[in-house]
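This report describes selected features of a protein model, taking its cavities, an annotated domain, a sheet and a pocket in turn.

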Amino acid sequence: MTDAAQTSGGLYARRIRARAAAVLAAAAALGLLLAADLVTGPSGMSLADLNAALWAGPAGQDRAAAAILWQIRLPQSLMAALVGASLGLAGLMMQTILGNPLASPFTLGFSAAAGFGAALSILFGGLWGLPQWLQTPLAAFAMTLAAAALIYLIARAKGAIPEVLVLAGIAVLFFFQSLQSLVQFMASPEVLQQIVFWLFGSLLKASWTSVQVCGAILLICLPFVLRDAWNLTALRMGDANAASLGLDVNRLRRRSFLLVAALTAGAVCFTGTIGFVGLIAPHIARAAVGEDHRFALPTAALMGAVILVAASVIGKLISPGAVIPVGIITAIAGIPMLLTVILTLKPTGAR
Amino acid sequence: MSLTADLPPVFKGRSQILQPMQIAVPAGQVLGVIGPNGAGKSTLLRSLAGIDVLHARWNGQPLSHRQIGYMPQAFQMNARLSVLEAVLLGKREALGWRIATADLEAAGAVLADLGLAHLEGRSMDRLSGGQQQMVLLAQRILRAPRLLVLDEPTSALDLHHQLVILRHLKSYAQDKGAVVALALHDLTLAARFCDRLLLIDKGQRLVIGDNETVLTSRQITESWNITPELLRARDGFCVIVPH
């Protein structure tokens, strides 16, 4: 028996080391991609200029270089990483609590709600004396939380089982999508163009404010997410098994769901809908480190950031002089990834 | 020392699927719940395990969730978790960012006891239904519950592993002074490994008692609609041959 115990200790330690290495590799990849993102852009700044501007700080001598780096590229790169991390984390939680590999942060209609909030704000322009750049994200954020509250109340009444959550989510999705269409229908062509541009999902809207808000939400949510790492892992054994391990499955789902809502709202309210990151990142994380959520959660966050920063680099490289919105890049690149996921999924009951 | 439970009626919609029932089992015994399909065995076990409301008492004191281990019927799960991790989840409340060596060793020891040491590093989604079932059992045993409630723990197992598991459960009950309640379809195995049997049909308790009292030709014919032949094995246990 001691022999068996010793081998399990050794085997387990090796496995843990391999996973930690995977997490570190993802973090290193993110670092490299962030550097690549900073040096690419329509202005064609040289590496030397950038390096100088970086060390000179926001108040550097070379005003143009300082403005490009500190006002445009750095906030955009950081925003890409933060939004990607939020969506990757929210995506893994969503797939775990719904027990569905095709779920994403947007499955429950959060993106449609955010889009409706933004469209409404753009249509009515500056209301309460708020500047438009602040009012639209606020409206998108508020509407996402409203959608979340709606689903939460349904889940409280009917039990937070995946079927209820998904059906309620579909209802919310169609509800906000039709409201969004209504706003678009009523809008003038100029306003309509603005709404459509918002919906694209682009990092051009990033600013230091958005970085701070999105970063703060991620930082606040993270400890709560990580505290449930083992509970989320237990949920993968099935509801009945998790419940018999003394876990309150309904409460865990509701709690996780609110965190997903906050993370998603924080991610999309400034940048618009960026699809597929929250769907694909969890799959890469699971393939790399398995479903021990102590490792899967950080890896999904890192992979989300990696994907979005990579999309940002690609968006700047494809057409010199222009920046293609990342939402479009992730959607195009996401389709083959999604197909790969579908084709490698094992049919239920297969060994 | 004994387990008692005063189970209330259970309704599904408007129809009553389980009548109120009183159950008493002395510590150290295995209670077999038998009955035809749809008799209410799973409902009864869920109720006994206190999935929704706790009913079980130990020496008159209510048992907590932590002291009850419940294993639902087998289903194929696709978790990408190693067998060792799946068993470790039995210590869910105690797990932190670092896993204590003692917990790792305890999980490895339970696996070894059940003859599953070779599966340790395998991923749960690569196991057969029967192997998954045994891993889940190891997980429950790691929790060391006073009352272990198992819904058809042998349904996906070959004959050899059915014997391994049932022997293990019997000695678990005896060594720990615990009570094991399990649903079984194989009456011969029930006669061999259970100390007491509870026969139910249509949500109703027909009879509870020792194996001789419950497994009579008349009872078996009435409940299962078969004509059994009751033989006696060399070691004295009852063998039921269906006709």
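## Largest cavity

The model is predicted. Its largest cavity is lined by A:Gln76, A:Ser202, A:Leu203, A:Leu204, A:Ser312, A:Lys316, A:Val323, A:Ile324, A:Pro325 and A:Val326. By class, this lining consists of six nonpolar residues, three polar residues and one charged residue.

The volume of the largest cavity is about 60 Å³. In total, the structure holds two cavities of 30 Å³ or more.

## Annotated domain in chain B

The UniProt record, an unreviewed entry, assigns the feature "domain: ABC transporter" to residues 2-227 of chain B. Across residues 2-227 of chain B, helix accounts for 35% of the chain and strand for 24%. The C-alpha atoms at the two ends of this range are 35 Å apart.

## An open antiparallel sheet

In chain B, four strands make up an open sheet with antiparallel pairing, and their order is S4-S1-S6-S7. The edges are occupied by strand S4 (21-26) and strand S7 (61-62) of chain B. Each of these has a single partner strand, so one side of each is left without a neighbour in the sheet.

Strand S1 (residues 2-7) of chain B runs antiparallel to S4(B), and six bridges join the two. Within this pairing, B:Asp6 has B:Gln22 of S4(B) as its bridge partner. The sheet also carries a helix: H1 (residues 41-49) of chain B packs on it and touches S1, S4 and strand S6 (56-58) of chain B. The direction of H1 makes about 115° with that of S1(B).

## Second largest pocket

Which elements give two or more residues to the lining of the second largest pocket? They are helix H10 (239-244) of chain A, together with H1 and strand S8 (68-71) of chain B. H10(A) provides the largest share of this lining, with three residues. Helix H1 of chain B thus appears in two settings, as it packs on the sheet and also contributes to the lining of this pocket.

The second largest pocket encloses about 490 Å³ of space. Its lining comprises 15 residues, and those nearest the centre of the pocket are A:Ala243, A:Leu247, B:Arg46, B:Ile51 and B:Asp52. Divided by class, the lining has eight nonpolar residues, four polar residues and three charged residues.

Technical notes: Residues are numbered from 1 along each chain as its sequence is written. Chains are lettered from A and ligands numbered from 1 in the order in which they are written. This is a predicted model: local features need pLDDT of at least 70, side-chain atom pairs count only at pLDDT 80 or more; totals for chains, interfaces and linings use all residues. Side-chain values use heavy atoms; hydrogens and water are left out. UniProt positions are given in the numbering used here, feature names are shortened, and annotations may be inferred rather than shown by experiment. On a 1 Å grid over the protein atoms alone, a cavity is a set of points where a 1.4 Å probe fits but cannot get out, and a pocket is an open set with protein on both sides within 12 Å along at least five of seven lines; lining residues have an atom within 4 Å of a point. Grid points are joined across faces, edges and corners, and a volume is the space filled by probe spheres set on the points. Ala, Val, Leu, Ile, Met, Phe, Trp, Tyr, Cys and Pro count as nonpolar, Asp, Glu, Lys and Arg as charged, and the others, Gly among them, as polar. Two strands pair if DSSP finds at least two bridges between them. Contact means heavy atoms within 4.5 Å. Axes are lines fitted to C-alpha atoms, for helices over the stretch in contact, and angles run from 0 to 180 degrees between N-to-C directions.
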